[in-house]
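I set out to record sheet order, charge pairing and surface charge for this entry. My notes were written in the order of inspection.

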Amino acid sequence: MEQTSTEFGEVTKCFEVNVDDNDNQVFLRFFSQLSRAAADADVSTTTLLFMGMTGAGKSEIVEFIIICLTGQVQRPRNVRIQETKGTGDSQTKTVCRYEIRYNLGGFLVHTMLLLDTPGFCDVSGQEADNSHVRNICTAVGTISHINGVCYVVQSTLTRKSLDQIKSLCTVFSIMPQEALDCVSSIVTFSNSKFRCNDVMQVLGSLLSGIQDRPVIVIDNPWAEHANNTYRSVTMEDEDETDEEDDIQNNRELELKSVKIYDFILKFVVSNASFVPAGMAELQELKQEIFDQLAVIARLRTQIQDKLDMIAQLNISDVQKRLNEMSSEQWLSAMGYALRNGKPAKKLPGNKPFPGVSQALVCLNPSCLSVVCHEGCGIHISENRTSAEFNECMAMGDNPDSNTRNDDHPYCRVCPMRCSYKHHVLSATQIMWHEDETMISSFHDMQNSTVGTETQLENLRAELTPLQAQYANALNAFRKMAARLRQLAIKGDMHQILDIQRRLFESQRDMSRPDSDKRRSFQEIVTVIEGLMTALAEAQEENNSLLNSVREVLDRQTLFADRYNRVFC
């Protein structure tokens, strides 16, 4: 008898197995071993959790296991809850709970509970994975114990892939350390032990210890069985199927069922288990860590902004020199020029140059030229030496000089014959960025020295509480990260963030240039990089940003790099 119900997004299907009515000797031998092992271990329920990537054949192998456990190998039929969806999309949308109740002589002898979960890393992206994790943690939260975590993986896994690393991180970052004793692997789409060994070597390099746990390699015979309405057999193949093929398929089911029975019995005999409530706690801890990193990144930005503003103040002689300058001189020193009466600065945009990978551009705000050599093939190092610019055909002698000066090549294209120091290589087209606040900022900085001193003191006063908040946030994060490393099988936050960054970079690079989707992925990458920077600084025993704050607060007179450019 079967019964299906749905509650809180979790679908449950119950099977009442009356052992007295089954005459399959292989099944009866398994049940005898199961009931004896369960009695010895004094357990009434064995719970198995199946997890893995989308496309690993997880739901189909779960269905075959259910067919075996319910004694239906001789008359197999579909017992799964959900039907397969599109390619690359997880066929299991919710946690599917299969409860198998064994009755003998009118008494309940044992219960097998199988939990089939949605696959990770499908085409729906990170949000779908996050939703899957929440649903899984909710589903297992009401279960007293789990005896086995079966990680399902394809036999084609022969190298480390981003998706596989992400799937492992997602699954085992919410698994408590004690769950490792309950972990096993199912390698699908193969019967080869050699292929299985190759797969386990890769998994072992990603998750230490998993290669020492039980593993089964199986090319699921139920996947292409004539009774399986979800199989991938075409109509032409179906027409060619004869009675002999059916007999052969049934023999395969019978033989493979023995492997399944032996695999399942190991969980009962070992009597290992863990409390799944810890999974939800680890997921909450992960979210708290992400939130804390966001706080650190925000405080870091606020502190750095204050430090930059303080660095712009030179209370000894800036006031006098500013009063002697015109607004045009100030704008030029800051890299701006007046365009249509508004301050504007040349900045790289988002649009690439058509047909070329880079171009030599002029950033001198007073120069009308923008692109000086489209498709320029020179390489410019961080040192930006004049010799490097000499290789460009747009660079040459100063026309106002009779002799060539190799130390200071000038641009032949620029109407102002701008120096190489104004030029850069850019992969994107240059745009004018207007900033009307520059003029008001200039006039504000021409105010009295008292105003400048007051501004400095205010900034230093604002830094003090930010310093304390940042230090407290770092300490809180360190405690959380240490707790995750201690409790979770895979609790390395740097690896978790790095995998997410690399996956979003891959999605960004596959998006159409200058598209909203590409810009959206880049924004996510930027956020993750900010979190990784915060993570790196949080792990520093001698935090560099806090040291910078201490130096500024201890300093009596502060000089700005920006003003050094203007006045020195």
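The entries below cover two sheets, the salt bridges and one charged patch.

**Entry 1: status of the model.** I note at the outset that this is a predicted model.

**Entry 2: a sheet of S9, S10 and S16.** I looked up the strand order and found an open sheet of 3 strands that reads S9-S10-S16, with antiparallel pairing. Strand S9 (337-339) and strand S16 (428-434) occupy the edges. Each of these has a single partner strand, so one side of each is left without a neighbour in the sheet. I then checked the twist: neighbouring strands of this sheet are turned by 55 degrees against each other on average, direction ignored. Between S9 and strand S10 (residues 342-352), which run antiparallel, I recorded 3 bridges. For a residue pair at this junction, I noted that Leu 338 stands opposite Pro 343 in S10.

**Entry 3: a sheet of S12, S11 and S15.** I found another open sheet of 3 strands, in the order S12-S11-S15, and its pairing is antiparallel. Strand S12 (371-374) and strand S15 (423-426) are the edge strands, each pairing on one side only. Here the average turn between neighbouring strands is 25 degrees, direction ignored. I recorded 4 bridges joining strand S11 (residues 359-362) to S15, and these two strands run antiparallel. Within that pairing, Leu 360 has Leu 425 in S15 as its bridge partner.

**Entry 4: salt bridges.** How many salt bridges does the structure hold? I recorded 16. As background, side chains of opposite charge can pair when their charged atoms come close. I looked up one pair in detail: the side chains of Asp 116 and Lys 58 form a salt bridge at 3.1 Å, N to O. Asp 116 belongs to strand S5 (residues 107-116) and Lys 58 to helix H2 (residues 58-69). The pair therefore ties together parts that are 58 residues apart in sequence.

**Entry 5: surface charge.** Which residues gather in a patch of negative charge on the surface? I listed Glu 281, Glu 284, Glu 288 and Asp 291. I also looked up the location of Glu 281 and found this residue in helix H8 (residues 277-311).

Methods
Residues are numbered from 1 along each chain as its sequence is written. This is a predicted model: local features need pLDDT of at least 70, side-chain atom pairs count only at pLDDT 80 or more; totals for chains, interfaces and linings use all residues. Side-chain values use heavy atoms; hydrogens and water are left out. Patches are made of residues with over 30% relative accessible area and no salt bridge: like charges are joined within 9 Å, nonpolar side chains (Val, Leu, Ile, Met, Phe, Trp, Tyr) within 5 Å. Accessible areas come from the Shrake-Rupley method with a 1.4 Å probe; for residues, only the protein chains shown count as cover. A salt bridge is a side-chain nitrogen of Lys or Arg within 4 Å of a carboxyl oxygen of Asp or Glu. Lys and Arg count as positive and Asp and Glu as negative; His and the chain ends are not counted. The place of a charge is taken as NZ of Lys, CZ of Arg, CG of Asp or CD of Glu. Two strands pair if DSSP finds at least two bridges between them. Axes are lines fitted to C-alpha atoms, for helices over the stretch in contact, and angles run from 0 to 180 degrees between N-to-C directions.
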